[in-house]
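Trainee: I'd like a close look at one part of this protein, the region where the strands pair up. Could you walk me through it residue by residue?

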Amino acid sequence: MADSADEPEVPDPEAEPNDPALQARRDRRAALPATYVDTWATLIWKGHIRVVLGEWIAREPYYRAAYLMELDDAEKFANALLERVARQRERDAARAKKDQSQESET
């Protein structure tokens, strides 16, 4: 899936031949620094939402980043995340089933 509605959708790597340019783009994006997130908080008011992301360390939440969005954009973002998670779970289940059937054949 594309990162935004303005970008074309990126093909599923298992459905398309391995494109070196696409793989190079994925490698660059995977190398970007990232903060682990296992806690969050939200503050919402008319037309807006503030999402704060953090990590539990030593039994305390340490918030690292905050994002402010209009509600319409937040809804689009949340739906896009849910769709990606659902597709990935389907792929993971299919891979597990395939691996299981290959193990049973040997």
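Mentor: One term before we start: a polar contact is a pair of N or O atoms within 3.5 Å, and within protein one of them must be able to donate a hydrogen and the other to accept it. Keep in mind, too, that this is a predicted model.

Let's begin with the strands themselves. Strand β1 covers residues 39-45 and strand β2 covers residues 48-57; the two run antiparallel, with seven bridges joining them. If you want to get the register by eye, find Trp40, which sits opposite Leu53 in β2, and then Ala41, whose bridge partner in β2 is Val52. The hairpin of β1 and β2 has two residues between the strands, and Gly47 there takes a positive phi near 80°.

Carry on along the chain and you meet strand β3, residues 60-70, which pairs with β2 in the antiparallel sense over ten bridges. That makes another hairpin with two residues between its strands, and this time Ala58 in the turn has a positive phi of about 50°.

Now zoom in on Glu55, which lies in strand β2. Across from Glu55, in β3, stands Tyr62. The side chain of Glu55 also makes a polar contact of 3.1 Å with the side chain of Arg64, and here's where that definition pays off: the pair counts because 3.1 Å falls within the 3.5 Å limit. Setting aside neighbours within four places in sequence, Glu55 is in contact with Tyr36, Asp38, Thr39, Glu60, Pro61, Tyr62 and Arg64.

Tyr36 deserves a look of its own. You'll find Tyr36 in the loop between α1 (20-30) and β1. Not counting residues up to four places away in sequence, Tyr36 touches Gly54 and Glu55. The C-alpha atoms of Tyr36 and Leu53 are separated by 9.0 Å, with the two residues 17 apart along the chain. Even with those contacts, Tyr36 counts as exposed, because its relative accessibility is 53% and the cut-off for exposed is over 50%.

Last stop, the surface. Trp45 has its place in strand β1, and with a relative accessible area of 40% it is classed as partly exposed, because that label covers the range between 20% and 50%. Trp45 joins Leu43 and Leu68 in a nonpolar patch on the surface, and together the three have about 320 Å² of accessible area.

Definitions and conventions
Residues are numbered from 1 along each chain as its sequence is written. This is a predicted model: local features need pLDDT of at least 70, side-chain atom pairs count only at pLDDT 80 or more; totals for chains, interfaces and linings use all residues. Side-chain values use heavy atoms; hydrogens and water are left out. Two strands pair if DSSP finds at least two bridges between them. Helices (H or I, at least four residues) and strands (E, at least two) are DSSP runs, numbered from the N terminus. Patches are made of residues with over 30% relative accessible area and no salt bridge: like charges are joined within 9 Å, nonpolar side chains (Val, Leu, Ile, Met, Phe, Trp, Tyr) within 5 Å. Accessible areas come from the Shrake-Rupley method with a 1.4 Å probe; for residues, only the protein chains shown count as cover. A salt bridge is a side-chain nitrogen of Lys or Arg within 4 Å of a carboxyl oxygen of Asp or Glu. Buried means under 20% relative accessible area, exposed over 50%, partly exposed in between (1.4 Å probe, protein chains only). Contact means heavy atoms within 4.5 Å.
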